[in-house]
Amino acid sequence: MTLPKPKPLGELEEAVLSALWSSSSPLSVREVLGRIQRRPALAYTTVLTVLDRLHEKGMVDREKEGKAFLYRPRASKEAWLGEQAARMLTAERGPPSSAVLMAFLDSAERADPALVEHLSSLIERRRAGASQAAPAPGKKGRST
C-alpha cells in the first residue's frame, strides 16, 4: 500500500497511531485515549482532533458506529516504517549515493550485526520473486 506523503508525524500523532496499531480492531476516541499513557493525561478533544487530522492526512480510516466513529490505521506499523525508511533514503533527490547506502549499512550493522545478513536474504528472496518476507533474525516462524 502506498501511503500519502505526509509531513513527519508529531509526538501526539505517533502516540495515537501506536494505540491504533496495538489493537486488532477499530477503536473509539475514548478507547484510544485509554491506551495512551501520558502525564498529564490528554483531553478527549485533543485525541479527537489528532484522529481527525490523521484521517484528513489519509493515515487512518473511520467508520460510523452509532453516534461515534471507530478508527483504524490504513497501514500496519511495519508498512508505515518501511515507507518512512524508503523516503529517508530516497528523499526528493532521487536514489541515494553509494556513500549514503554504505553509511546506512554500517549503521544497521552496528545496531544489529545480523541485520545486514537479513537484508541480504530479503533482497535475494525479492529477486527470486517471493512476496513473503523471511523471518527476522531471532523471530522464527514469523514474517516481518
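**Close-up 1. The aromatic pair of phenylalanine 69 and tyrosine 71.** This predicted model holds 1 aromatic pair. The ring centres of phenylalanine 69 and tyrosine 71 are 6.3 Å apart and the planes sit at 55°, so we call the pair tilted. If you're wondering why those two values get quoted, a pair of aromatic rings is described by the distance of the centres and the angle of the planes. The partners sit in their own surroundings: phenylalanine 69 is partly exposed, with a relative accessible area of 28%, whereas tyrosine 71 is buried, at 1%.

**Close-up 2. Charges over the ring of phenylalanine 69.** Which charged ends sit over this ring? One belongs to arginine 62, placed 4.4 Å from the ring centre. Another belongs to lysine 64, with its charged end 4.9 Å from the centre of the ring. Keep in mind that phenylalanine 69 is also the partly exposed member of the tilted pair, because its relative accessible area comes to 28%.

**Close-up 3. Leucine 51 and its contacts.** Here we look into helix α3, residues 44–56, where leucine 51 lies. Is leucine 51 buried or exposed? It's buried, with a relative accessible area of 0%. Setting aside neighbours within four places in sequence, leucine 51 is in contact with Val16, Leu20, Val29, Val32, Val60 and Tyr71. So tyrosine 71 turns up again, this time as a contact of leucine 51, and tyrosine 71 is itself buried because its relative accessible area is 1%. Glutamate 13 is worth finding too: it is 38 residues from leucine 51 in sequence, yet their C-alpha atoms are 7.9 Å apart in space.

**Close-up 4. The buried face of helix α1.** Helix α1 covers residues 11–21, and Glu13, Val16, Leu17, Ala19 and Leu20 are its buried residues. Look down the axis of α1 and these residues fall within an arc of 155°, so they line one face of the helix. As a reminder, an α-helix has 3.6 residues a turn, so residues three or four places apart point the same way. What do the buried residues of α1 pack against? Their partners are α2 (29–35), α3, β1 (60–65) and β2 (68–73).

**Close-up 5. The largest nonpolar core.** This core has 19 residues, and those with the most contacts inside it are Val16, Leu20, Val32, Val47, Leu51 and Leu54. Helices α1, α2 and α3 each supply at least two residues of the core. Some names will be familiar by now: Val16, Leu20 and Val32 are among the residues that leucine 51 touches.

How values were computed. Residues numbered from 1 in each chain as written. Predicted model: local features only at pLDDT ≥ 70, side-chain atom pairs only at ≥ 80, totals over all residues. Heavy atoms only, no water. Phe/Tyr/Trp six-rings, centres within 6.5 Å; stacked < 30°, edge-to-face > 60°. Buried < 20%, exposed > 50% of the residue type's maximum accessible area, 1.4 Å probe, protein only. Lys NZ or Arg CZ within 6 Å of the ring centre and 35° of its normal. Helix = DSSP H or I, 4+ residues; strand = E, 2+ residues; numbered from the N terminus. Contact = heavy atoms within 4.5 Å. Arc of directions from axis to C-beta. Core = buried A, V, L, I, M, F, W, Y, C linked by side-chain atoms within 4.5 Å.
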